[in-house]
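Reader: Could you walk me through a structure, one feature at a time? I would like to practise reading it with you.

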Amino acid sequence: MTHDVIVIGSGAAGLTAALALAERLRVLVIAKGTLTSGSTAWAQGGIAAVLDAGDTFENHVRDTMVAGAGLNRRETVEFVIERAPHAIDRLLELGVPFNTDGPNLHLTREGGHSHRRIVHVDDATGWAVQAALLSAAEAHPNITLLPGRACIDLITGRHEERYSGSGRVWGVYALDEASGKVEAHTARATVLATGGAGRVYQFSTAPRGATGDGIAMAWRAGARVGNMEMMQFHPTCLYNLEVKNFLITEAVRGEGGRLINPRTGKRFMAFYDERLELAPRDIVARAIDSEIKKFGLDYVHLDISHMPPDFVRGHFPTIHDKLLGLGIDMTTQPIPVVPAQHYTCGGVMIDRDGRTDLPGLYAAGECTESGLHGANRLASNSLLECFVFGEAAARHILAHWDRFDAPPPVRGWDESRVTNSDEEVVIKQNWTEIRRFMWNYVGIVRTTRRLERAQHRIRLLSGEIDDYYGHFRVTTDLIELRNLLQSADLIVRSALRRHESRGLHYTLDYPESLAEARDTVLVP
């Protein structure tokens, strides 16, 4: 079966693009693992949109620019925020059961927002959105869903049977995870919606597959990436040695949760920012990091037990039930929390139509640097970005479809010089090493010396992983390891270039911000 457009990724950005494209075109959606294993399904908080009579687009724009420390592109911020109400209407049409307050949608508030403007489905918004989009995609005759495919590299002009150096993207080589065979999927246009690179860090709220695949593939194909040093750390991830990566949503602080030093018993945010627990995430994460290091703690407490029990259970049923199963009753006890990597604010450079540098390649969502987030993503702007840019990419492809040539014959995947690996331990060892040194050297607080140490280790591992990749058949683990190291390299190179502290990039060697905010753009 032939397809007009390939969408890589089955989360909010990918399925939004697919549904819009399928109005006229045949779309193939490729997903690594299951169709629900991406970050969208994990999103607890909600979607930011100006829906309250007392709120304005300008307020939302200002809050986004303040959080982004001036690195945002204002025209992009306005573009996304003005389209937010339409995105919510579209999701309502698809059947997303947003919480209501009488005849209106219930709006909550999160850190960095000056108004209540977060629409949500209890504390599991992402899962509800994922389910609605996937149901619509499964029912659409023009959409083919293909899970269990780990994408290796984009197919470009240099993979044509008649070699071309054009850089034109014609699709992707992908591993069928069940059979072990590599397939060449070609189409006239390709949309990257592969999510972020959170698993490059030892502690992350991102799902297992967030290994920077799209960013690494686009970079290897010749696309620029921007602001990769801007890695967001969520302030409040559950501290539990048995349960990994369970996020305690921003909305717990938005609804009155307080951060307490468990040793002193005192609320500590007043020492760091006048906005207290509602300060932007980078400030709250650094404050928690500071308390942990200053007092030698393993965690701090997030306490909402002073609110009525019915209020807490009603607002946070998923978190409440999860914590009860771990022996914590959040209606009467504090929650132990630590910061963890949460969101990749940089990525593949795109314009407002979702176009990358490479002809035929579009991108949307967390794998991109669109100009929306700047130096720090404002809470609940991420799902919004997925809807707006997924649709923008689709609309541009549809509007210019007569200019897209049919893909030429491309070469198949060459496995003639490789064998099956007998040293899987190498992958596990390198994966663990990358995540550990990235956490220790390229984390919440950085120094030039730590960054250089990380860069040195990346260089050592690059030769080892390239040699392994060249000799053995690809597996999902090997594909992810290669992309993980590439993502780590881009983060470190970007961080070393920024000689200032701004937003999420905080370095002790350059603690002040420069007068002019500039993007860090890497060119292949």
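Author: Happy to; we will go from the whole chain down to single residues. One thing to keep in mind from the start is that this is a predicted model.

Reader: Let us begin with the whole chain, then. How many helices and strands does the protein chain have?

Author: The count is 14 helices and 21 strands. For overall shape, the radius of gyration can be set beside the globule rule: here the radius is 22 Å, close to the 24 Å that the rule gives for 524 residues, so the protein chain is as compact as a globular protein of that length. Along the principal axes, its C-alpha atoms fill a box of roughly 70 × 55 × 50 Å.

Reader: What share of the 524 residues is buried?

Author: Buried residues make up 60% of them. Another thing to look at is how far apart in sequence the contacting residues lie: of the contacts with a separation of 6 or more, 73% are between residues 24 or more positions apart. As for the surface, about 20,300 Å² is accessible, and carbon and sulfur atoms account for 49% of that.

Reader: Now the interior. Which residues touch the most other members of the largest nonpolar core?

Author: They are Ile47, Ile397, Ile434 and Met438, in a core of 131 residues. Helix H11 (residues 382–399) supplies the largest share of this core, with eleven residues. A second, separate core has 28 residues, including Phe246, Ile283, Ile288 and Ile328. To see one hub in detail, follow Ile434: beyond its sequence neighbours up to four places away, Ile434 touches Val200, Leu461, Ile465, Leu481, Leu484, Leu485 and Ala488.

Reader: How should I read a helix such as H5? Why does the distance between its end C-alpha atoms agree with its length?

Author: Compare the expected span with the distance between the ends. H5 (residues 125–139) has 15 residues, which at 1.5 Å a residue should span 21 Å, and the end C-alpha atoms are 22 Å apart, so the two agree. Then ask which residues face inward: among the buried ones are Ala128, Val129, Ala132, Leu133 and Ala136. The buried residues of H5 pack against helices H1, H4 and H11 and strands S3, S7 and S8.

Reader: And strands? What do S10 and S11 form?

Author: A hairpin, with five residues between the two strands. S10 (residues 169–176) and S11 (residues 182–186) pair in the antiparallel sense over five bridges, and Leu175 stands opposite Val182. In the turn, look for Gly180, which has a positive phi of about 80°.

Reader: In what order do the strands of the open sheet run?

Author: The four strands run S20-S18-S13-S21, with mixed pairing. S20 and S21 stand at the edges with a single partner strand each, so one side of each has no neighbour in the sheet. Inside the order, S13 and S18 pair in the antiparallel sense over two bridges, and Val225 has Val348 as its bridge partner in S18.

Reader: Let us finish with single residues. Is Ala48 buried or exposed?

Author: Ala48, in strand S3, has a relative accessible area of 0%, which means that it is buried. Its C-alpha lies 6.5 Å from that of Val119, although the two are 71 residues apart in sequence. The residues Ala48 touches include His60, His113, Arg117 and Asn381.

Reader: Where is Thr249, and what is it in contact with?

Author: Thr249 sits in the loop between strand S14 and helix H7. Despite the loop setting, Thr249 is buried, at 3% relative accessible area. Its contacts beyond four places in sequence are Gln44, Gly45, Glu110, His234, Phe316 and Ile319.

Key: Residues numbered from 1 in each chain as written. Predicted model: local features only at pLDDT ≥ 70, side-chain atom pairs only at ≥ 80, totals over all residues. Heavy atoms only, no water. Pairing = 2+ DSSP bridges. Core = buried A, V, L, I, M, F, W, Y, C linked by side-chain atoms within 4.5 Å. Buried < 20%, exposed > 50% of the residue type's maximum accessible area, 1.4 Å probe, protein only. Contact = heavy atoms within 4.5 Å. Rg over C-alpha atoms; globule rule 2.2 N^0.38 Å. Areas by Shrake-Rupley, 256 points an atom, 1.4 Å probe, with all protein chains shown as cover. Expected span 1.5 Å × (residues − 1).
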